[in-house]
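Dear colleague,

Please find below the structure that I am handing over to you. My account of what was found in it follows directly after.

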Amino acid sequence: MTSPVGSAPTPKERRPKQEQDPASEEVVEVAPGVLRMQLPIFMPGLGHVNMYGLVDDRGIAVVDPGLPGPRSWRAIQKRLKTGGFRLEDVHTVIVTHSHPDHFGGAGRIAKETGAELITHSAFATFRTSAGEARRRASLSEEDAARLELEAAAAAQYLDLGPDDDRLLDPLRADEDDLDRTAASVAWAPETPWGGTKHVRPSVAKRLMFRALRLLYAPPNPTRRVRHGEMLQLAGREWAAVHTPGHTLDHLCLYDPEHGVLLSGDHVLPSITPHVSGVGNGADSLKSYLDTLDLVAQLDGVSLGLPAHGHPFADVPGRVEAIKEHHHERMEEIQALSQSLGPATVVDISHELFPERHWGAMAESETFAHLEHLVADGKAERWREDDMLVYRVASG
Ligand SMILES: [Zn+2]
Ligand SMILES: [Zn+2]
């Protein structure tokens, strides 16, 4: 089994996070009847996604079959083969949550094998227009491969100017089309916290969104499960554990017999999962912190199997560290509010994050923390000229 610890870090040297490691071709049994298969992904800060295979006498169930697109599809088939399986052996696909690096291959596997496709009952993704569906259906394997490369290239060059010639531009989309695509994939230019001047995504980013949207057909689940429902996988019972926070529809799977938790993006071994304040429930940070406690308290968990990074033993310890990060962030916000006085989400996010991280992600995370402080009675919020303004109480 891959060491969850790794080698000791060199002091002062910032080591890349394990979640950034490129996908290994190895297939490793990490728990009885549970195979770890790594698939390549191309997203900022992430180098692979773990597709877990749960083996039983009917064949294999897979959890989180990676991004869509031909490169990931080839990797899925290759890993299954290495593990001694054919595509037809897949009888179940489980998707932990509605992010493309988790649901990507699910629809295609279900279509080609008739596998059951399981998600949490709240599973929802961005809608796809009829036009996009038609275009996607008619994409050749070659075009799909090209789009995938463009998405990857664009992702790497998000910060480049529109005229940078390292950015491929074979999509030749008109500007309006790109804007519509970007707005509908991320969120409308109007954010809940106000400020219509919200950064218009760069051309690179809009190209990436367009490529992603064409490629990423969200799957249709054939079975939606609720918290506490039992699933028969790898020859034993697993409980569905609803863990909203990273997304509203996030699902973990818990095997009480062997103390295994498939933790998806809810608990990652070395990075702190993103908690967005947009489209994620009223107080997403509260949901997140509450369900971190929930998984830390599960009986006898001795192995966490995350969607990114290596298996890790101490789930409660990791939960503590992530909670600590959010508490520190709230204290930082509290201190900032004292020095800034009444401030907007944008103002506070600019103080909280280095300039290279300014923008939508930083603001939605700041918004989630501020809304949590309001819900907790520790901050007040009002509206001034369409902008939400916050003041956090001292101490
Ligand atoms: Zn995710
Ligand atoms: Zn993920």
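**Zinc sites, sheet and helices**

His99 counts as partly exposed, because its relative accessibility is 26% (buried means under 20% relative accessible area, exposed over 50%, and partly exposed in between, with a 1.4 Å probe and protein chains only). Before I continue, please note that this is a predicted model, in which local features need pLDDT of at least 70 and side-chain atom pairs count only at pLDDT 80 or more, while totals for chains, interfaces and linings use all residues. Residues are numbered from 1 along each chain as its sequence is written, chains are lettered from A and ligands numbered from 1 in the order in which they are written, and side-chain values use heavy atoms, with hydrogens and water left out.

His99 belongs to a metal site. The zinc ion (ligand 1) has as its protein donors His97 (NE2), His99 (ND1), His246 (NE2) and Asp265 (OD), at 2.1 to 2.3 Å. Donors are N, O and S atoms within 2.8 Å of the metal (3.2 Å for Na, K and Ca); water is not among the atoms, so sites may look incomplete. Along the chain, these donors follow the spacing H-x1-H-x146-H-x18-D. His99 lies in the loop between β5 (90-94) and α2 (100-103), and His246 in the loop between β9 (236-242) and β10 (251-255), so that the pair links distant parts of the chain, 147 residues apart. Helices (H or I, at least four residues) and strands (E, at least two) are DSSP runs, numbered from the N terminus. His246 is buried, with a relative accessible area of 10%.

The arrangement around the zinc ion (ligand 1) is irregular because its 4 donor atoms subtend angles of 93 to 167°. Four donors count as tetrahedral if all angles lie between 85 and 135 degrees; four count as square planar and six as octahedral if opposite donors are over 155 degrees apart and all others between 65 and 115; anything else is irregular.

A second ion, the zinc ion (ligand 2), is coordinated by Asp101 (OD), His102 (NE2), Asp265 (OD) and His308 (NE2), at 2.1 to 2.5 Å. The two zinc ions are 3.5 Å apart, and Asp265 coordinates both. The site of the zinc ion (ligand 2) is irregular, with angles of 87 to 156° among its 4 donor atoms. Asp101 is buried at a relative accessible area of 2%, and His308 is buried at 1%.

Turning to the sheet, 5 strands form an open sheet in the order β8-β9-β10-β11-β12, with mixed pairing. Two strands pair if DSSP finds at least two bridges between them. The edge strands, each pairing on one side only, are β8 (230-233) and β12 (303-306). Strand β11 (residues 260-264) pairs with β12 in the parallel sense over 4 bridges, and Leu303 in β12 is the bridge partner of Val260.

Finally, the helices. Helix α8 (residues 284-296) packs against α9 at an angle of about 155°, with the axes 9 Å apart. Axes are lines fitted to C-alpha atoms, for helices over the stretch in contact, and angles run from 0 to 180 degrees between N-to-C directions. α8 and α9 are therefore roughly antiparallel to each other (angles under 35 degrees count as roughly parallel, over 145 as roughly antiparallel, 65 to 115 as roughly perpendicular and the rest as oblique).

With kind regards
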